[in-house]
Amino acid sequence: MDAAQQEATARARELQRNWYGEPLGALFRKLIDDLGLNQARLAGVLGLSAPMLSQLMSGQRAKIGNPAVVQRVQLLQDLAAQVADGSVSAAEATERMEEIKKSQGGSVLSNTTQTTSSSGAPTVKRVVREIQSLLRSVAAAGDIIEAADTLAPTHPELAEFLRVYGAGRTSDAVAHYQSHQN
């Protein structure tokens, strides 16, 4: 790989870190390991072609263009966490992956069993991720920050929301939400 290609790959991975919290190669490898998948199976569940998944993992492409695919990634991340903590068995995970594969994206704030707490309400982290996904599907983090700066003098609350939820990390946004509930 020549210097220009290396620079483009590094830039794509940095954009991925801004949009998705980490480079997609690392994120997808975690899903593959945690859910016992191979790349072809992961691509199928996400609704991507195997070459597109490979390009996203290698940094040849930066962004997932389809918001429904981003939502499926988030559903798989939630499922992997449930498998890791033992609340979902391997057999149940396989069934859920089939459901995720069939999902069309639908409502941004869907209320399915994978996205709810034991009380039936969407989890804070899930809602935060969906808000982030929606914002990041229409603009890059830098653009969101620029919009927040423009809005700050007249709409400080909206500017803060955009900075925290649109350009920030999921854990910071969850903490922000929880601090405002008291």
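Let's start with a term we'll need: a residue is buried when its relative accessible area is under 20%, exposed when over 50%, and partly exposed in between. Keep in mind that you're looking at a predicted model.

**Exercise 1. Sort Glu14 and Arg17 by accessibility, then work out what joins their side chains.**

Step 1. Glu14 has a relative accessible area of 38%, so Glu14 is partly exposed.

Step 2. Do that again for Arg17: at 37% relative accessibility, Arg17 counts as partly exposed too.

Step 3. Now check the side chains. Arg17 and Glu14 meet in a salt bridge, with 3.5 Å from N to O.

Step 4. Where do they sit? Both are in helix H1, three residues apart, which is about one turn of the helix. An α-helix has 3.6 residues a turn, so residues three or four places apart point the same way.

**Exercise 2. Compare two more salt bridges: Arg96 with Glu92, and Arg163 with Asp149.**

Step 1. A search of the whole structure turns up five salt bridges, so we're picking from that set. 

Step 2. In the pair Arg96 and Glu92, the closest N and O atoms are 3.1 Å apart. Both residues lie in helix H6, four residues apart, about one turn of the helix.

Step 3. Try the cut-offs on this pair. Arg96 is buried because its relative accessible area is 13%, while Glu92, at 31%, counts as partly exposed.

Step 4. Arg163 and Asp149 also meet in a salt bridge, at 2.8 Å from N to O. This pair links distant parts of the chain: Arg163 belongs to helix H9 and Asp149 to helix H8, 14 residues apart.

Step 5. Arg163 is partly exposed at 33% relative accessibility, and Asp149 is partly exposed at 43%.

**Exercise 3. Which residues of helix H8 are buried, and how are they placed around the axis?**

Step 1. List the buried residues of H8 (residues 141-151): Ala141, Ile144 and Ala148.

Step 2. Look down the axis. These residues cover an arc of only 60 degrees, which means they are on the same side of H8.

Step 3. Flip to the other side of H8, and you'll find Glu146 and Thr150 exposed.

Step 4. What lies over the buried residues? The cover includes H1, helix H7 (124-138) and helix H9 (156-166).

**Exercise 4. Find the residues that touch the most other members of the largest nonpolar core, and the helices that supply this core.**

Step 1. The core has 33 residues, and Phe28, Leu42, Leu46, Ile64 and Leu76 touch the most other members.

Step 2. Helices that each supply at least two residues are H1 (3-20), H2 (24-35), H3 (39-46), H4 (50-58), H5 (67-84) and H6 (90-102). The largest share, seven residues, comes from H5.

Step 3. Zoom in on Leu76. Leaving out residues up to four places away in sequence, Leu76 touches Leu31, Leu35, Leu42, Val45, Leu46, Met97 and Ile100.

Step 4. There's also a second, separate core of 11 residues, with Ala148, Ala159, Leu162 and Ala173 among them. In soluble globular proteins, nonpolar side chains tend to be buried together.

**Exercise 5. Describe the surroundings of Trp19, starting with its aromatic partner.**

Step 1. The whole structure holds two aromatic pairs. One of them is Trp19 with Tyr20, an edge-to-face pair at 6.3 Å centre to centre and 80 degrees between the planes.

Step 2. Next, look over the face of Trp19: Lys63 lies there, at 5.1 Å from the ring centre.

Step 3. Is Trp19 buried or exposed? Its relative accessibility is 10%, so Trp19 counts as buried.

Terms used. Residues are numbered from 1 along each chain as its sequence is written. This is a predicted model: local features need pLDDT of at least 70, side-chain atom pairs count only at pLDDT 80 or more; totals for chains, interfaces and linings use all residues. Side-chain values use heavy atoms; hydrogens and water are left out. A nonpolar core is a set of buried Ala, Val, Leu, Ile, Met, Phe, Trp, Tyr and Cys residues joined through side-chain atoms within 4.5 Å. Buried means under 20% relative accessible area, exposed over 50%, partly exposed in between (1.4 Å probe, protein chains only). Contact means heavy atoms within 4.5 Å. Rings of Phe, Tyr and Trp (its six-membered ring) pair if their centres lie within 6.5 Å; planes under 30 degrees apart count as stacked, over 60 as edge-to-face and the rest as tilted. A charge sits over a ring if NZ of Lys or CZ of Arg is within 6 Å of the ring centre and within 35 degrees of the ring normal. The arc is that of the directions from the helix axis to the C-beta atoms. A salt bridge is a side-chain nitrogen of Lys or Arg within 4 Å of a carboxyl oxygen of Asp or Glu.
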